[in-house]
Amino acid sequence: MNIKKIYCTVLILLFCAIQTKAQEVLTIEQAMSIALENNFEIKIAKNNSKINETNVTIGNAGMLPTATANITDNNSITNSTQVRQDGTSTSLDNAKNNSLTYGVSLGWTVFDGMKMFAKLDQLKELQKLGDAELKRTILLKIAQVNSAYYDLVLQQQQLAALDTTIVISNQRLTLAKNRFSIGKASKLEVLNAQVDLNSDQVALLRQKESYANGKILLNQYLARDPKIDFKVTDEVKVDNKLVLADLMDLAQKQNPGLETQIINKRIAELQLKQVKADRYPTLRLTSGYNFSESQSSLGFTSETSSRGLNYGFNASMNIFDGFNQHRNEKVAKLQIENSQIAIEQQNTILNTQLSTAFQTYLTNLELIDLEENNEAIARQNLEITLDKFKIGTITTLDFRTAQLNYVNAKVRYSNAQYEAKLSEIALKELAGNINF
């Protein structure tokens with residue numbers, strides 16, 4: 001039996017076992033959809049974005065009038081003495097006094113140096129900042145899901161490779177026993193074959209452990225029960241047509257980190273507008289309707305009451321505040337300058353990360369082709385070695401070396417695909433262009 005037939009047999013056995021267990025086949029698209037729906041950090045970011053959206057109102061900016069209802073009731077019991085101008089006096093113990101006031105007051109700031117308009121614009125920018133943070137969180141979590149998913153694909157491919165080598169090791173052990181039984185091999189050859197088979201089984205158990213732990217981690221990212229079992233697809237599709245210039249252009253428009261810094265600069269500029277507004281007068285209209293009533297057990301008047309409308313305005317202007325206005329404007333301008341520096345810094349970091357990641361991406365694409373060729377050579381070498389081993393023209397050591405070379409070549413090929421996929425994900429994350 002050549003290596004191709006062995007490999008096909010292993011795949012058929014694996015397929016049957018998977019069908020028997022009726023495992024869910026989870027695609028990367030399904031995984032991303034579940035993460036968008038369930039991931040806790042994405043949920044929190046969505047709520048924070050909604051909070052910022054809810055805060056964008058003209059009332060929160062101070063453009064609308066305010067109305068307040070109030071009521072005050074004061075009561076007292078006192079021992080009082082009054083002395084009149086003519087020398088007579090009046091005294092009363094436990095004198096009761098009551099004062100009740102209630103009404104509605106209205107206030108409206110009609111001019112504050114245009115601060116309220118700058119405040120409204122700032123609230124809108126804060127909403128955009130929340131949206132950028134939501135996008136950043138989604139990109140980060142989707143990238144994590146992609147990495148964890150394709151790590152499982154890698155683990156699954158390595159499981160298949162180890163299953164293949166165990167089939168080969170079993171066949172080798174059987175051949176060694178048969179040769180020993182007819183006197184063409186020593187007991188040492190049988191023992192070596194058994195030791196190598198045991199080593200392969202240990203490696204398979206370790207690989208199964210890594211595979212199971214990878215499933216638990218992916219379930220965590222998907223915010224679902226870690227006991228949920230599933231299978232991932234076997235294929236890793238790497239986008240090999242990425243262009244650095246296109247990625248840099250996309251990053252300038254879509255990278256959440258850069259977008260955040262640009263919004264922060266706009267917020268700082270609007271903050272300066274609000275600070276400068278304090279140089280102008282503030283005009284506030286006031287109005288209200290009040291009712292008051294008072295009762296007194298001792299005095300010239302035992303009971304009074306009044307009701308009516310009051311209205312007016314209040315105007316104020318800062319004349320001198322210890323140079324705080326000048327200081328506040330200077331600080332606000334420095335914050336704008338810092339925001340501009342942060343944009344330039346983010347641009348530099350972003351371009352550096354893209355250039356570095358793209359170079360890694362190109363290297364990994366070359367490694368895929370190289371390792372694919374190495375795997376084909378190792379497979380062919382193993383087939384020839386297996387045929388020679390059957391007729392006894394090579395040693396068990398040579399056969400084991402060819403066997404391990406084939407397994408290692410398959411693992412390296414899987415690793416090359418995985419690393420290339422990670423490079424692709426990293427580039428698209430930096431460009432803000434992961435499809436989900």
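## A salt bridge within helix 7

The side chains of Glu 269 and Arg 266 come together in a salt bridge, with an N to O distance of 3.8 Å, in a model that is predicted. Both residues belong to helix 7 (residues 256-277), and because they are three residues apart there, about one helical turn separates them. Neither partner is assigned to the buried class: Glu 269 is partly exposed, with a relative accessible area of 28%, and Arg 266 is likewise counted as partly exposed, at 31% relative accessibility.

## Buried pairs involving helix 9

A salt bridge also joins the side chains of Lys 428 and Glu 424, here with an N to O distance of 3.0 Å. These two residues lie in helix 9, four residues apart, which is about one turn of the helix, and both Lys 428 and Glu 424 are buried.

Asp 200 and Arg 400 form a further salt bridge, in which the closest N and O atoms are 2.9 Å apart. This pair connects distant parts of the chain, since Asp 200 sits in helix 5 (residues 187-221) and Arg 400 in helix 9 (residues 396-430), 200 residues apart. Asp 200 counts as buried because its relative accessibility is 6%, under the 20% cut-off, and Arg 400, at 10% relative accessibility, also counts as buried.

## The wider set of salt bridges

Side chains of opposite charge can pair when their charged atoms come close. The count for this model comes to 20 salt bridges, and among the residues involved, Arg 172, Asp 196, Asp 200 and Arg 400 are linked in a network of such bridges.

## Two domains and their contact

The domain assignment divides the chain into domain 1 (23-62 + 113-281 + 323-431) and domain 2 (66-111 + 282-316), so that each domain is built from separate segments of the chain. The contact takes five residues from domain 1 and five from domain 2, while the C-alpha centres of the two domains lie 71 Å apart.

Between them, domain 1 and domain 2 bury about 400 Å², of which 64% is on carbon and sulfur atoms. On the domain 1 side, Gly 113, Met 116 and Pro 281 supply 75% of the area buried against domain 2, more than any other three residues. The count of salt bridges between the two domains is zero, and the count of residue pairs in polar contact, both at pLDDT 80 or more, is zero as well. The residues on the side of domain 1 that touches domain 2 divide into four nonpolar, one polar and no charged.

Definitions and conventions:
Residues numbered from 1 in each chain as written. Predicted model: local features only at pLDDT ≥ 70, side-chain atom pairs only at ≥ 80, totals over all residues. Heavy atoms only, no water. Contact = heavy atoms within 4.5 Å. Buried area = accessible area lost by both parts, 1.4 Å probe. Salt bridge = Lys/Arg side-chain N within 4 Å of Asp/Glu carboxyl O. Polar contact = N/O pair within 3.5 Å; in protein donor to acceptor, adjacent residues only side chain to side chain. Nonpolar A, V, L, I, M, F, W, Y, C, P; charged D, E, K, R; others polar. Buried < 20%, exposed > 50% of the residue type's maximum accessible area, 1.4 Å probe, protein only.
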